[in-house]
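Please open the structure in a viewer and keep the selection tool at hand. The tour below proceeds from one selection to the next.

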Amino acid sequence: MQQQLLKMLEMQDAMNARVTAQWRDEGYPWYRAIWVECAEMLDHYGWKWWKKQSPDMEQVILELVDIWHFGLSDLLQNNKEAHAIAQTLSQSIAAHASAAGDFKTALEAFVAKVLSDKTFDVEGFCRVMAVAGLSFEQLYVQYVGKNVLNFFRQDHGYKDGTYRKRWLGREDNEHLVEVLLELNASSDTFQTDVYEALKVRYLQG
C-alpha cells in the first residue's frame, strides 16, 4: 500500500505541475473543490425524500476518486513530504477499513470537518470510502486511470479547447472504464499502458 500511495502522490504532483508549474506556491483552496464534489456525490447517491431515488454507486465512486485527487493535492501543498503523507494515509485507511454506518451521515461529517478546518480530512474520507464499499485496490486503479486521462486531455489540447471529449461515439470516461478492465493494474507499466490504450482509441475516432 505504501508504494502505491507514493506512486499516487508522485502522479498528483506531476499533474498539478502540468497545469501550473509552481502549483504549491499558489495556495489553491483545494478544500472548496472537495466540498463541491461532495455535494455532487450526494446527488448521485440520492437524498430527496419526496421522489424515488436509488444510489448510483458507479458515479459515487467516480466522485470519491475526484475528491482523492484534490485531497492528495491539499496534503502535498501543506505537508510537502510524500513519505510522511503516505504513512499517515496508510494508517488511516487500515484503521477505517471496516467502518460502517449511514453513507449520508458519514459524508456530511466529512464535509463539516473539511469546511471547518479548510483542509482535507483524511480520517473522514477513509470512513466515507469504507462505507461506500470502495477498497484501496479499487481506489488505486481508478485514480491511476483518471490521472492518466487528465494528462491525456492536457497533452491533446484540453486547455486551449481543441481536445475532443467524444471518440467513436462515446465520451472519454467511457473508454477509460473499458481500458481499465482490459489492462493489468499490477503491471509496472500500468500507467503507460493506460495512456497508450487511450491514445490508440483517440486516434481512431
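Helices, as named on this tour, are DSSP runs of H or I with at least four residues, numbered from the N terminus. The model on display is a predicted one.

**First stop: the second largest pocket**

Select helices H3, H7 and H8, the last of which spans residues 172-182. Each of these three helices supplies at least two residues of the lining of the second largest pocket. Which helix gives the largest share of that lining? It is H3, with six residues. The lining comprises 14 residues, and those nearest the pocket centre are Gln59, Leu62, Asp66, Lys146 and Asn173. Sorted by class, five lining residues are nonpolar, four are polar and five are charged. The space within this pocket is about 260 Å³.

Next, select aspartate 66, one of the residues nearest the centre of this pocket. Aspartate 66 is part of helix H3. Is aspartate 66 buried or exposed? Its relative accessible area is 17%, so it is buried, the limit being under 20%. Beyond its neighbours within four places in sequence, aspartate 66 is in contact with Glu37 and Lys146.

**Second stop: the largest pocket**

Now display helix H1 (2-19), helix H2 (30-45), helix H3 (57-79) and helix H7 (136-155), each of which provides at least two lining residues of the largest pocket. Its volume is about 380 Å³. Of the 17 residues that line it, Gln12, Asn16, Trp30, Phe70 and Asn150 are nearest the centre. The lining consists of seven nonpolar, six polar and four charged residues.

Aspartate 74, also worth selecting, lies in helix H3. Aspartate 74 counts as buried because its relative accessibility is 2%. Apart from neighbours within four places in sequence, aspartate 74 is in contact with Trp30, Thr119 and Phe120. Trp30 in turn is among the residues nearest the centre of the largest pocket.

**Third stop: the nonpolar core**

In soluble globular proteins, nonpolar side chains tend to be buried together. Here the largest nonpolar core has 60 residues. Which members touch the most other members? They are Leu64, Trp68, Leu107, Phe110, Phe120 and Leu198.

Select leucine 64 and show its surroundings. With neighbours within four places in sequence left aside, leucine 64 is in contact with Met41, Phe125, Val128, Met129, Ala132 and Leu134.

Move from there to alanine 132, which is located in the loop between helix H6 (122-131) and H7. Alanine 132 has a relative accessible area of 14% and is therefore buried. Not counting residues up to four places away in sequence, alanine 132 touches Met57, Ile61, Leu64 and Phe103. Lysine 104 is 28 residues from alanine 132 in sequence, yet the two C-alpha atoms are 9.9 Å apart in space.

**Last stop: two cysteines**

Finally, select cysteine 38 and cysteine 126. A disulfide is a covalent bond between the sulfur atoms of two cysteines. How many disulfides are counted in this model? The count is zero. Why does cysteine 38 form no such bond? The closest cysteine sulfur, in cysteine 126, is 13 Å from that of cysteine 38, which is too far for a bond; the cut-off for a disulfide is within 2.5 Å. Cysteine 38 counts as buried, at 2% relative accessibility. Cysteine 126 also counts as buried, at 3% relative accessibility.

Notes. Residues are numbered from 1 along each chain as its sequence is written. This is a predicted model: local features need pLDDT of at least 70, side-chain atom pairs count only at pLDDT 80 or more; totals for chains, interfaces and linings use all residues. Side-chain values use heavy atoms; hydrogens and water are left out. On a 1 Å grid over the protein atoms alone, a cavity is a set of points where a 1.4 Å probe fits but cannot get out, and a pocket is an open set with protein on both sides within 12 Å along at least five of seven lines; lining residues have an atom within 4 Å of a point. Grid points are joined across faces, edges and corners, and a volume is the space filled by probe spheres set on the points. Ala, Val, Leu, Ile, Met, Phe, Trp, Tyr, Cys and Pro count as nonpolar, Asp, Glu, Lys and Arg as charged, and the others, Gly among them, as polar. Buried means under 20% relative accessible area, exposed over 50%, partly exposed in between (1.4 Å probe, protein chains only). A nonpolar core is a set of buried Ala, Val, Leu, Ile, Met, Phe, Trp, Tyr and Cys residues joined through side-chain atoms within 4.5 Å. Contact means heavy atoms within 4.5 Å.
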